[in-house]
Amino acid sequence: MPRVHPDSPTETKVYIRNLSFHYDRSDSPVLQKLCMKIDRGEYLGLLGANGSGKSTLLSCINGLLTPPSGTVQIFDRSGRSFDPAQPADLERIRRITGTLMQNPDDQIVGTTVEDDVGFGPQNLELDEQKIQQRVDHALALVQLESFKNRAPHQLSGGERQRLALAGVLALESDCLLLDEALSMIDPAHRSDFLDILDRLNSAGTTIIHATHSLEEAFRCQRCIVLERGQVLFDGTPAQLITNPDLEQWAFSIPESIKTIRLIKKQFPDREIHSLNPEEIAKVGGKLFRSRRDQPGSGTKNDAFPPASKACGFSVTPLAPSVSFAKVSYHYPESEAGLSAINVAIPAGSSVALIGPSGSGKSTFLYHINALLLPSSGVVQVNAQATTDKNVPLFRIRRGAALAIQQPERALCEYYVADDVALGPRGVGIRGEALKECVRSAMEACGLPFDEFADRPTAALSGGEKRKVALAGALALKSRILLLDEPTSALDGRSSVQILRLIQAQCATGQTIIATTHDIEFATHFDFIGVLDRGRLLAFGSPESVFGDSAWDLELPWTVAAARAAGLAAVPLSAEALLAAFSDQEIPEFSLSEAKNFQNVPVEVITKIRRKTGLEWFHTSRFGAFQPGDSVFHRFSPGKKLGFLLLCATIALMLPWPAATFGCTAGILLAGIFAAKVPGCRLIRPLITAAPFLGILVLFQALFSWAGDNSRILCTVWRFSLTETELLHSLSLIGRFFALATLLSLYTAVTTLHESLHAVQTSLKIFSRFGIPVRDISLALGIAFRFVPVLIEEAANIVSAHLSRGINRSRLRSALSLIIPLFIRSLERSVRLTNAILLRLYRTGK
């Protein structure tokens, strides 16, 4: 079939003509007769509401989805075109385009940060020195140099997003496809990465950036807005932000752009090409001073009414809904999650927690929901201490419902309505009352019940999944509602809807505590808490927190502009900022309200140790390397692998139970004295696996062995236990103990990178016979990575149940894991396959 070329192929990067696409099991098209041309070196902002087709369009460009033949063409530097509908062209297309997907966990492949970033360059067949240079450069760009030896599952959500960015940057592709790439990144790192994109674009890289943020889009050269799979707008950022229909296109107008629009309204001839608050401060101050100085103008500008104080709450008069008394929490083998926090949150108020990725915001919420219990100190929720053994944890959780950060991890049921009903059903609501409860929660979150009730959760967009998770927490009608990044990946209209929902719930007396990276979103809350490295630096009204220069914070845009203009006011809106420029009187706010709450006296209750239901997930150490300088640590990776295989062979060949148990004892002694690994670290896997081992032993003992004529030791009902069955069962236990202890010792003294390198080196000789050694090594690496991933997925499923106050026995909880964990494993496998393909695997020799 002849290929369709645009007028100037050497100047074109992507050419789309009459592209229509719909998913299986869906009659309505996601993209409808879409046409566009993206030039080489262009910086394009792709905008639109959730479900408008942005992610689908990017997947049609990189070939993860197969568009109709001839509708999409990608051009290389020589002007040669490639069609993602042609399998033979996919490899070249993925060399040209580097893709960053919406969820970072969908594209992390390596077992360590450094390995993951180096995966793509390795597939390009670069030499080791060049690979290391690319890895170091990419990690430096995203500021993850100090994390290069850490496993991905040990990173926070924002840190994982930066890791995924580094993996794409290391490919040094001609064209970058970014799908909500900055949705989970804190403001400081977001600004740094946008600067990186500017530099890449200046060097000639084509960038297609799908985003909901008008401020991010303003840095682009051109903006396209999609609605229901069709182009609604195509023009410059300046044309976009001044378009009168902007609010109707599901956008929330940030205060920076509101300021520009108001200035343009007052001064139509003034052109503004930057969102830099310092430049706007100069322009705005100059313009309004000149107008004020005109004869007869007076000193007031009635176009901008005075701002009013947004926060009407005081820290002390209201009874606390949540209180932290000297609370600290330490994650195993990690930095402190929380450090000596003292704070009291008034009932019926709204609190926004801000801070960089990994600062402890999510950990703070988990302590309120009692998914985590403090290492020291006391957390009180609705006047009940989470460490009080006389108070059931499920009762505390029902009073403080949690919507977790990544919504796809919280969805446990197949259909939307069933998932929202999970919490209410757990507290005994049934029939029409349950249906009405689910309906009201869904409608409040912008999910029409009749449209979404029977829709599969897996078929939802990222924003829709976030709404479902929020509806599930809202349906509990708890006294406290905890929201972890509630507006991440949501379009502007949905973000405004969530904010109105928060304000409405507060009006009913519900306490709302939310984490966010959106500083402007945080200004609408009654209080702001600033966290950094587990410490609560400040707590107070938005005006007091942002008005105090003692805190090194990312400021709201309007406050930054006011400071640049030398104003003493703390304007939190465009109208307030321009009123300040006009020298109108703005209420002054006392900065004394922003306090460091490290010494606030709160009554301390004696801590009683108890279990949350997640202890195993927090203490699991399979595959966790323990640094040291023992004899075993100093062995080469090949010798460690040889020792593992030799001992495993001996353990499997030993015929008598006493010998296998002796082998286990020998491994334990070697680990404790030669490798300096604590004995509890070595035997923990045995305790964890004991129930599963017991089931295997039971089956082996219940069913007779062929030719077994040995003496019967005992008989229970219709089943008998013979000497042979007893010996076989004991041998099985002994071998299992020996192998589990051996593997625990090996992983404690060997990094995953060393393990994979040793396997690949050992198998290298077989590559001469056509055996795919690298494929085998990659499969082993993925298997190693999948162990902590599956543990994490299981923890997420259990957390989703516990956070909604579901009270089940351990057996029922374990059984409820089976189907969701199996489905999640398949989904993660598919996404991992896509990530490997996009990172150019199998393009080498």
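User: Why does V759 count as buried?
Analyst: This is a predicted model, and all values are computed from it. V759 has 16% relative accessibility. Buried means under 20%, so V759 qualifies.

User: Where does V759 sit, and what is V759 in contact with?
Analyst: V759 is in helix α29. Setting aside neighbours within four places in sequence, V759 contacts L641, S777 and L780. V773 lies 14 residues away in sequence from V759, with 8.9 Å between their C-alpha atoms.

User: What makes F769 exposed?
Analyst: F769 reaches 66% relative accessibility. The cut-off for exposed is over 50%, so F769 passes. Its place is the loop between α29 (752–763) and α30 (773–803).

User: Which residues form the nonpolar patch on the surface?
Analyst: The patch holds I765, F766, F769, I771, I776 and L780. Together they have about 540 Å² of accessible area. To join such a patch, a residue needs over 30% relative accessible area. F769 has 66%, so F769 clears that bar.

User: How do you know that E216 and R190 form a salt bridge?
Analyst: Their closest N and O atoms are 4.0 Å apart. The criterion is a side-chain nitrogen of Lys or Arg within 4 Å of a carboxyl oxygen of Asp or Glu, so this pair counts. The bridge links distant parts of the chain. E216 is in helix α7 (residues 214–217), R190 in helix α6 (residues 187–202), with the two positions 26 residues apart.

User: Are E216 and R190 buried or exposed?
Analyst: E216 has a relative accessible area of 8%, so it is buried. R190 has 19%. The limit is under 20%, so R190 is buried as well.

User: What makes R219 and D198 a salt bridge, and which parts does the pair tie together?
Analyst: The closest N and O atoms of R219 and D198 are 2.5 Å apart. The limit is 4 Å, so the pair counts. R219 lies in the loop between α7 and β9 (222–227), and D198 in helix α6, so the bridge ties together parts 21 residues apart in sequence.

User: Why do R219 and D198 count as partly exposed?
Analyst: R219 has 29% relative accessibility, and D198 has 24%. Partly exposed lies between the 20% and 50% cut-offs. Both residues therefore fall in that class.

User: Why are E255 and K258 separated by about one helical turn?
Analyst: They are three residues apart in helix α9 (residues 255–266), hence about one turn. An α-helix has 3.6 residues a turn, so residues three or four places apart point the same way. E255 and K258 form a salt bridge, with their closest N and O atoms 3.4 Å apart. E255 is buried at 7% relative accessible area, whereas K258 is partly exposed at 30%.

User: How many salt bridges are there in the whole structure?
Analyst: The search finds 18. There is also a network of salt bridges, which links K13, R77 and D174.

User: What makes helix α1 mostly covered?
Analyst: Helix α1 spans residues 54–62, and eight of its nine residues are buried. The buried ones are K54, T56, L57, L58, S59, C60, I61 and N62. G63 follows α1 and has a positive phi, near 90 degrees.

User: Which residues have the most contacts inside the largest nonpolar core?
Analyst: They are V420, V438, M442, L483, I528, V530 and F546. This core has 51 residues. Beyond four places in sequence, I528 touches A352, I354, A522, T523, A538, F539, G540, P542, V545 and F546. Another core, of 40 residues, lies apart from it; V343, L365, L372 and L422 are among its members.

User: How much of the protein counts as buried, and how much area is exposed?
Analyst: Of its 845 residues, 54% count as buried. The protein exposes about 37,700 Å², with carbon and sulfur atoms supplying 55% of that. The fold has 31 helices and 22 strands.

User: Where does the pLDDT stay under 50?
Analyst: It does so over residues 295–317, for which the model has 44 contacts beyond four places in sequence. The protein averages a pLDDT of 81, and 84% of the residues score at least 70. Residues 1–5 are also below 50, with 14 contacts beyond near neighbours in sequence.

Technical notes
Residues numbered from 1 in each chain as written. Predicted model: local features only at pLDDT ≥ 70, side-chain atom pairs only at ≥ 80, totals over all residues. Heavy atoms only, no water. Patch = residues over 30% accessible without salt bridge, like charges linked within 9 Å, V, L, I, M, F, W, Y side chains within 5 Å. Areas by Shrake-Rupley, 256 points an atom, 1.4 Å probe, with all protein chains shown as cover. Helix = DSSP H or I, 4+ residues; strand = E, 2+ residues; numbered from the N terminus. Buried < 20%, exposed > 50% of the residue type's maximum accessible area, 1.4 Å probe, protein only. Core = buried A, V, L, I, M, F, W, Y, C linked by side-chain atoms within 4.5 Å. Contact = heavy atoms within 4.5 Å. pLDDT = per-residue confidence, 0-100.
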